[in-house]
Amino acid sequence: MYHKGYVALGIVLFLALLAMPYWVTAGKIKYEEIEKELAPAKGKCVYDEEWMAKYHMELLKDWRELAVRHGVRHYHTENGDFNVSLTECWKCHDYNNFCAKCHNFMDVEPVCWECHYNPSMNYSTVNYIK
Amino acid sequence: MISRRRFLLLTMAGATAIATGKAFEFKDEDGELSKYEWGMVIDVDKCTECVKSRGGFGARPPCIEECSKANNVPPDDKYYYDLIRIYEVREREDAEPLYFPVMCQECEHPGCVQVCLTKASYKRKDGIVVVDLHRCIGCRYCMIACPYNARRFLFEDPKEKLKVVNPEAPVRKHGVVMKCEFCVWKIDREREEGKEPKPVCVEACPYNALTFGNLKDPNSEVSKILRTSKVITLRANLGTNPKVKYKL
């Protein structure tokens with residue numbers, strides 16, 4: 001192989017560039033910093049707070065699979081029974097002062113709201129939950 | 001010392017055992033759903049009476065109004081977005097018309113599911129054909145495959161035209177296909193709450209023309225109607241075996 005050194009260096013640089021999101025911001029933005037400013041929840045969440053703060057997106061992904069693909073709308077944990085739906089979040093959380101505030105701080109843009117309703121949208125709603 | 005032949009045989013046997021074991025191991029998440037087979041019987045005489053009292057062809061009966069409201073179907077002048085379409089049927093040219101409300105027929109052998117490129121459309125264990133909008137790329141093959149013209153393509157963003165939103169159902173974006181799913185979000189929730197599930201149109205009908213129920217349960221209202229009266233399915237020659245049946 002010709003120019004072994006340059007090739008190896010190139011590969012290392014390429015991988016480093018590829019992994020940029022990990023080493024540029026990794027560990028620098030912490031949700032704990034904004035945690036106190038967020039609006040308190042009205043009830044108990046599906047799992048404990050720390051787990052939910054880190055992995056709520058995984059849970060929502062699981063719920064999406066459950067509700068859309070398997071028709072399961074009931075979720076039981078040690079904290080109670082939950083309806084597998086995004087509407088379940090608004091029962092306890094304020095959208096603007098909890099979800100959006102933290103997402104803005106962490107610089108993440110969930111694509112959920114392109115197709116799903118959230119309370120910050122200016123619509124009147126009908127409710128079929130009786 | 002183990003011979004080479006025996007070593008190879010053992011590794012192959014081990015690998016086969018692991019592979020078959022993995023293949024047989026499956027999660028039965030749909031077990032609850034396979035107890036049900038949702039079906040609907042529509043009384044055409046009552047529908048005809050209702051549509052006639054509202055001025056004949058082109059009327060918007062309460063089932064369509066309520067369906068659009070519940071499933072976030074945007075109002076539009078340009079395109080027909082409502083999930084139920086009313087057809088006028090006559091025996092002869094001068095005969096009295098019959099009005100057939102045609103929504104998705106929830107076929108047993110759905111053509112739309114067969115052609116779907118991304119497996120976004122699929123048939124659940126309880127017989128409902130659902131579009132997973134997270135996967136739909138809007139190619140519209142399913143609309144071509146559907147013999148009942150039951151699917152709609154969202155050409156424009158529904159958010160601009162919607163006035164009332166049902167948070168439980170998806171609001172959707174432009175560029176996806178939508179269809180009647182027997183109000184899947186409602187009947188799934190009600191089933192697990194232990195209630196008798198009913199789609200919105202069935203509850204909204206003032207004439208009680210629509211009957212919804214479990215075809216696998218011999219004591220359900222739908223099964224009783226199917227046993228006692230004569231029902232037809234649309235375009236039976238295609239072999240799709242729809243679960244929406246029409247009582248004449």
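**Chain A and its contact with chain B**

Across the chain boundary, Thr125(A) has Val165(B) of β7(B) as its bridge partner. The model described here is predicted. The strands involved in this pairing are β3 of chain A, residues 124-125, and β7(B), which run parallel and are joined by 2 bridges. The contact between the chains draws 20 residues from chain A and 24 residues from chain B. On the side of chain B that touches chain A, the elements giving two or more residues are α3 (62-70), β7 (164-165) and α7 (184-193). Among these, α7(B) supplies the largest share, with 4 residues. By class, 13 residues on this side of chain B are charged, 9 are nonpolar and 2 are polar.

Chain A contains 6 helices and 3 strands. Read from the N terminus, the order of its elements is α-α-α-α-β-β-α-α-β. Chain A has a radius of gyration of 20 Å, whereas the globule rule gives 14 Å for 130 residues; the value is well over that of the rule, so the chain is more spread out than a compact globule. The C-alpha trace of chain A spans about 75 × 35 × 35 Å along its principal axes. Of the 130 residues in chain A, 9% count as buried. Among contacts in chain A with a separation of 6 or more, 59% are between residues 24 or more positions apart.

The domain assignment divides chain A into domain 1, covering 1-28, and domain 2, covering 31-130. The centres of domain 1 and domain 2 of chain A, taken over C-alpha atoms, lie 37 Å apart. A separation between individual residues can also be given: the C-alpha atoms of His3(A) and Cys92(A) are 61 Å apart, with these positions 89 residues apart along the chain.

Strands β1 (residues 74-77) and β2 (residues 80-83) of chain A run antiparallel and are joined by 4 bridges. Within this pairing, His74(A) has Asn83(A) of β2(A) as its bridge partner. The two strands, β1(A) and β2(A), form a hairpin, with 2 residues between them.

Cys92(A) is located in the loop of chain A that lies between α5 (87-90) and α6 (95-106). With residues up to four places away in sequence not counted, Cys92(A) touches Ala41(A), Lys42(A), Gly43(A) and Cys45(A). There are 14 other C-beta atoms within 10 Å of Cys92(A), so this residue is classed as partly exposed; the class lies between the bounds of 12 or fewer for exposed and 20 or more for buried.

In chain B, strand β2 (residues 85-89) pairs with β3(B) in the antiparallel sense over 5 bridges. One of the residues in this pairing is Arg85(B), whose bridge partner in β3(B) is Val102(B). Strand β3 of chain B, residues 98-102, has two faces that differ in cover: Tyr99(B) and Pro101(B) form the covered face, while Leu98(B), Phe100(B) and Val102(B) form the uncovered one.

The largest nonpolar core has 51 residues, and those touching the most other members are Ile42(B), Cys67(B), Phe182(B), Cys183(B), Val184(B), Cys201(B) and Leu210(B). In soluble globular proteins, nonpolar side chains tend to be buried together. For Cys201(B), once neighbours within four places in sequence are left aside, the contacts are Cys63(B), Glu66(B), Cys67(B), Ile84(B) and Leu210(B). Two of these contacts, Cys67(B) and Leu210(B), are also listed among the core residues that touch the most other members.

Phe182(B), also named in that core list, is placed in the loop between β8 (177-178) and α7 of chain B. Phe182(B) has 27 C-beta neighbours inside 10 Å and therefore counts as buried. The phi angle of Phe182(B) is near 55 degrees, which is a positive value in a residue other than glycine.

A positive phi is also found at Asn72(B), about 55 degrees, although Asn72(B) is not a glycine. This residue, Asn72(B), occupies the loop between α3 and β2 of chain B. Asn72(B) is buried, because 23 other C-beta atoms lie within 10 Å, against a cut-off of 20 or more.

Key
Residues numbered from 1 in each chain as written. Chains lettered and ligands numbered in written order. Predicted model: local features only at pLDDT ≥ 70, side-chain atom pairs only at ≥ 80, totals over all residues. Contact = placed C-beta atoms within 7 Å. Nonpolar A, V, L, I, M, F, W, Y, C, P; charged D, E, K, R; others polar. Pairing = 2+ DSSP bridges. Domains from an automatic or database assignment. Rg over C-alpha atoms; globule rule 2.2 N^0.38 Å. Core = buried A, V, L, I, M, F, W, Y, C linked by C-beta atoms within 7 Å.
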